[in-house]
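User: Please take a close look at a single helix and at the loop that leads into it. I am new to this structure, so give me some context too.

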Amino acid sequence: MASIVILGAGLGGMSAAYEVRALLGSEHGITVVGEGPQFNFTPSNPWVAVGWREQKDIRVDVRQPLQHRGIHFIEMRADKLLPDENRLLLQDGRKLDYDYLVVTTGPRLAFERVPGSGPAGHSQSICTGPHAHATWLAYQEFLKHPGPIVIGAVQGASCFGPAYEFAMIVDTDLRRRKLRDKVPMTFVTAEPYIGHMGLGGVGDSKGLLESELRQRHIKWVTNARVTSVESDKVHVEQLDDRGQLQQTHELPFAFSMLLPSFAGVDALQGIDGLVNPGGFVLIDEHQRNPKYPNIFAAGVCVAIPPVEATPVPTGAPKTGLMIESMVTAIAQNLHDELAGKPARARATWNAMCLADMGDSGFAFIALPQIPPRNVTRAMTGKWVHLAKVAYEKYFLRKMRKGQAEPLYEKYVMQAFGIERLKHDVQDQA
């Protein structure tokens, strides 16, 4: 019997736990290590931040569903990975042995790279459940004394969709409260143009999102390098297309939310051959680390180079569907490995993103996410808002039931032409 440890209990970790168990059966031991028992559906954090959801609405206690599937759960932070020993050092000093390790930690939020930013500074965040709740508390105070708002994503960020979402959700919320006319809004982003998304654009994402921002009277600053955040203003250097300083801005605010750049988690930092200088896990085409082949990784913790060089650094996002495709590949490769077969499964890294805009929505499909692509499509409409609400309900139910990939999910993905695994040419003959 093999011992499989999954480090991280977020979207990637929980999906991995259920999918590996479904594929391997009960013969092998699976342990999930997470900092807390509450799974938080991160895509709904923007709604929590404006009071459209409560924290309890988007959380699931994972202990009972995991236990029901015969999966052990350790509610503990990992202090250090010891890959040469096949051990994980836990916060309480225990050492957890493994035969195979699946790393799904997500990132460390590197607020320190922009002085004054983050919840410990002067800007809010929607990256975690507690951050979203703290943003809601700050937003309620802001509503008593409305003023300018600055929302965006700083240099090195790799997750731009939630910034766009939050800006437009706040716009919608303020219009509903009849306060929008009192609130100038500015969107600040490291992207070279609106709708770049860290992906070089998806279809006409530039035109669609610029149009939305104009209609909502939201000004923007692209190629933005945020140098610092004070209690009432954001300092920004705007670069030109050659990376030269073009203009500086002092953007006043009464409320601000800036997404940070990401780094690898502390437990993985500095392990030669496992992670890159930023602490992200190096993987091959089978989601496996080249130096330590019994370590797999999926999600935001994975090292993916930028799609293209940009004047201000931007990273490539890892969307939910992309993460799930990584997880499916890992589960299949673990199954083959334990059966004495070579690993063959490769994730498609296809992406379908549903971004809510309060009263409408923006969707993009990129097959695969990293160009060149077979399919590129960007769309807007009220149906996207409804689709995201439905996806939230569906995914939370999946976590409560401990399901890997319900049948109806397969049908929906097939309708969009989206598959999780790549097929070799000979397989299609």
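Analyst: The whole protein comes first, then the helix and its loop, then some other parts for context.

This is a predicted model, in which local features need pLDDT of at least 70, side-chain atom pairs count only at pLDDT 80 or more, and totals for chains, interfaces and linings use all residues. Residues are numbered from 1 along each chain as its sequence is written, and side-chain values use heavy atoms, with hydrogens and water left out.

Start with the whole. The protein has ten helices and 22 strands (DSSP runs numbered from the N terminus; helices are H or I with at least four residues, strands are E with at least two). Its radius of gyration is 21 Å, close to the 22 Å of the globule rule for 429 residues, so the protein is as compact as a globular protein of that length. (The radius is taken over C-alpha atoms; the rule is 2.2 Å times the number of residues to the power 0.38.) The C-alpha trace spans about 65 × 55 × 45 Å along its principal axes. Of the 429 residues, 58% are buried (under 20% relative accessible area; exposed is over 50%, partly exposed is in between, with a 1.4 Å probe and protein chains only). Take the contacts (heavy atoms within 4.5 Å) with a separation of 6 or more: 66% of them join residues 24 or more positions apart.

Now the helix, H7. H7 covers residues 320-338 and has 19 residues. From first C-alpha to last, H7 reaches 27 Å, close to the 27 Å expected at 1.5 Å a residue (that is, 1.5 Å times one less than the number of residues). H7 is mostly covered, with 14 of its 19 residues buried. Just after H7 comes Gly 340, with a positive phi of about 80°.

Step back to the loop before H7. The loop runs from strand E19 (295-297) to H7, and Cys 301 lies in it. Cys 301 counts as buried because its relative accessibility is 3%. What does Cys 301 touch, beyond its neighbours within four places in sequence? One stretch is Val 103, Thr 104, Thr 105 and Gly 106; the other two contacts are Phe 280 and Val 281. Val 265 is 36 residues away along the chain from Cys 301, yet their C-alpha atoms are separated by 7.9 Å.

On the other side of E19 is another loop. Gln 287 sits there, between strand E18 (262-263) and E19. At 1% relative accessibility, Gln 287 is buried. Its phi is positive, near 70°, though Gln 287 is not a glycine. Most residues other than glycine have a negative phi.

His 217 also has a positive phi, about 60°, and is not a glycine. His 217 lies between helix H6 (205-215) and strand E13 (218-221). His 217 is exposed, at 64% relative accessible area.

Two other helices help to place H7. H5 (residues 161-176) has 16 residues and reaches 23 Å, close to the expected 22 Å. H5 is mostly covered too: 13 of its 16 residues are buried. Lys 178 follows H5, with a positive phi near 60°. H8 (residues 382-401) has 20 residues and reaches 29 Å, close to the expected 28 Å. The buried residues of H8 include Val 384, Phe 395 and Met 399, and also the charged Lys 388 and Glu 392. Gly 402 follows H8, with a positive phi near 70°.
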